[in-house]
Amino acid sequence: MKILSVNVARAQRVQINGREVMTAIGKRPCSGPVMIHPLGLEGDEQADPTVHGGIQKAVYAYPSEHLPFWRTVRAQARAGAWDEDVPPGLVGENLTLQGVTERELWIGDRLCLPSGAVLVVSEPRRPCFKFNAAMGFNQASKLMVQSGYCGSYLAVLVPGEVQAGDEFTLEPGARELGLTEWFRAKMAR
């Protein structure tokens, strides 16, 4: 399992569906090591901490295995070209992962990084209108719900640093609640 990209953004005002909102969903890749603090990555902001941020949702991770799906549906929606890759950070993720998807993650699992940093799977992401805007079409959130390709929020158990190319290990937690099952239950409400 590997970190393909580390992505951050500052919050900014943008127009979405005719209204001005603050967002930091447009993450961009960083080069070199980035510090992980209890409230997230250095240089990263969250515009609305009720949905992303705080102790339980400090870092958002997304599997690279789902990016071809998003490339295809963006092309179908005419929000991107058929040969246009989804760039790291477009989904709003801080960490673009390789080698583990939501189906293999359980609440409480730990991602252990080479620097000694430890991140704990805390909950699935809930998509919103800002995700639709970032992806370029209004059905993106609905497709995230249908596919279950939600990614995971991570709490920072042990601060440290992370950089693209880091390999990490996954230490199983209690394995009582799967990330995908919790996401489907949350979204069924």
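Select K2 in strand 1 and Q98 in strand 8: the two are bridge partners. Strands here are DSSP runs of type E with at least two residues, helices are runs of H or I with at least four residues, and both are numbered from the N terminus. The model is predicted, so local features require pLDDT of at least 70 and side-chain atom pairs count only at pLDDT 80 or more, whereas totals for chains, interfaces and linings use all residues. Residues are numbered from 1 along each chain as its sequence is written, and side-chain values use heavy atoms, with hydrogens and water left out.

**Strand 1 and its neighbours**

Extend the selection to strand 8 (residues 95-98), which pairs with strand 1 in the antiparallel sense over 4 bridges. Two strands count as paired if DSSP finds at least two bridges between them. Next, add strand 4 (residues 28-29), which runs antiparallel to strand 1 and is joined to it by 2 bridges. Within this pairing, V8 stands opposite R28.

Now colour strand 1 (residues 2-8) by accessibility. Because 5 of its 7 residues are buried, strand 1 is largely enclosed by the rest of the structure. Buried denotes under 20% relative accessible area and exposed over 50%, with partly exposed in between (1.4 Å probe, protein chains only).

**The hairpin of strands 2 and 3**

Move to strand 2 (residues 12-16), which is joined to strand 3 by 5 bridges in an antiparallel arrangement. I16 has R19 in strand 3 as its bridge partner. The two strands form a hairpin with 2 residues between them, and N17 in the turn has a positive phi of about 50 degrees.

Display the side chains of R13 and E20, which form a salt bridge with the closest N and O atoms 3.7 Å apart. The term requires a side-chain nitrogen of Lys or Arg within 4 Å of a carboxyl oxygen of Asp or Glu. Both R13 and E20 are exposed. In total, the structure holds 6 salt bridges.

**K27, D44 and N94**

Select K27 and D44, another salt bridge, whose closest N and O atoms are 2.7 Å apart. This pair links distant parts of the chain, 17 residues apart: K27 lies in the loop between strand 3 (19-23) and strand 4, and D44 in the loop between strand 6 and strand 7 (59-63). Both K27 and D44 are buried.

From D44, proceed to N94, whose side chain makes a polar contact of 3.0 Å with that of D44. Such a contact is a pair of N or O atoms within 3.5 Å; within protein, one must be able to donate a hydrogen and the other to accept it, and residues adjacent in sequence count only if both atoms are side-chain atoms. N94 lies in the loop between helix 1 (67-76) and strand 8, and is buried with a relative accessible area of 0%. Beyond residues up to four places away in sequence, N94 touches several others, including S5, N7, K27, H52 and Y60; contact means heavy atoms within 4.5 Å.

**The open sheet**

Show strands 6, 5 and 12, an open sheet of 3 strands in the order 6-5-12 with antiparallel pairing. Strand 6 (40-41) and strand 12 (160-162) are the edge strands, each pairing on one side only. Strand 5 (residues 34-37) is joined to strand 6 by 2 bridges, and H37 stands opposite G40 in strand 6.

**A final salt bridge**

Finish at K186 and E123, whose side chains meet in a salt bridge (3.1 Å, N to O). The pair links distant parts of the chain, with K186 in helix 4 (residues 179-188) and E123 in strand 10 (residues 118-124), 63 residues apart. Both residues, K186 and E123, are buried.
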